[in-house]
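Colleague: I'm new to this one. Could you show it to me and talk me through it?

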Amino acid sequence: MMSADTLGRTITARARFSAPGRGTPTGHEAWREQAACLGADVALFFHPEAVRGAARSGRTLEAKAICDACPVRLACRDQARAAREPYGIRGGETEEERKAWLKAQARRAAAKAKREAAA
Ligand code: SF4
């Protein structure tokens, strides 16, 4: 399901649900109650496909500034990495930065396995 925010930007239902400052935190995700993005515009963290260039960069910087001041940034980043979250800025990382980290992590694991097999 898609909807639009007050500026007409399209936001998916998944983005609304998966934003750290949204939904009801349970158990091990209680850190979400301390999220600096609670009440922030979710569209900052999940940019619509059509937003590119300077407009996208501006939104990304705005979201990252909120993350920079967030007391649960590392928990948020690690949870997004562990879940291989494909969308959104989480823990100060864009989806592209998260994908790059995951790829680098996979390369390191493969290299380690290769070294151990050769030993
Ligand atoms: S690190 Fe950013 S996305 Fe994660 S909870 Fe904090 S403000 Fe929200």
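Modeller: Sure, we'll go from the ligand to one helix and then to a few single residues. This is a predicted model, where local features need pLDDT of at least 70, side-chain atom pairs count only at pLDDT 80 or more, and totals for chains, interfaces and linings use all residues. Residues are numbered from 1 along each chain as its sequence is written.

Colleague: OK, how many residues surround the ligand?

Modeller: There are 15 around the ligand, and the closest are Ala35, Cys37, Cys67, Cys70 and Cys76. A residue counts as near if its C-beta atom, placed from the backbone, lies within 6 Å of the molecule.

Colleague: And which helices supply at least two residues of that shell?

Modeller: Helix H2 (53-68) and helix H3 (73-82) each do. Helices here are DSSP runs of H or I, at least four residues long, numbered from the N terminus.

Colleague: How do the shell residues divide into nonpolar, polar and charged?

Modeller: Ten are nonpolar, three polar and two charged. Ala, Val, Leu, Ile, Met, Phe, Trp, Tyr, Cys and Pro count as nonpolar, Asp, Glu, Lys and Arg as charged, and the others, Gly among them, as polar.

Colleague: Back to H3. Which of its residues are buried?

Modeller: Arg73, Cys76, Arg77 and Ala80. Seen down the axis of H3, those buried residues fall within an arc of 95 degrees, so they line one face of the helix. The arc is taken from the directions from the helix axis to the C-beta atoms. Buried means 20 or more other C-beta atoms within 10 Å of the residue's own, exposed means 12 or fewer, and partly exposed is in between, with C-beta atoms placed from the backbone.

Colleague: What's exposed on the other side of H3?

Modeller: Leu74, Asp78 and Ala82. As for the buried residues of H3, what covers them includes H2 and helix H4 (95-118).

Colleague: New topic: where is arginine 84?

Modeller: Arginine 84 is in the loop between H3 and H4. Its phi is near 50 degrees, which is positive in a residue other than glycine.

Colleague: Why does arginine 84 count as exposed?

Modeller: Because arginine 84 has 9 C-beta neighbours inside 10 Å.

Colleague: What about aspartate 68, buried or exposed?

Modeller: Aspartate 68 is exposed, because 10 other C-beta atoms lie within 10 Å. Aspartate 68 lies in helix H2. Aspartate 68 and alanine 36 are 32 residues apart in sequence and 9.1 Å apart in space, C-alpha to C-alpha.

Notes. Two residues are in contact if their C-beta atoms, placed from the backbone, lie within 7 Å.
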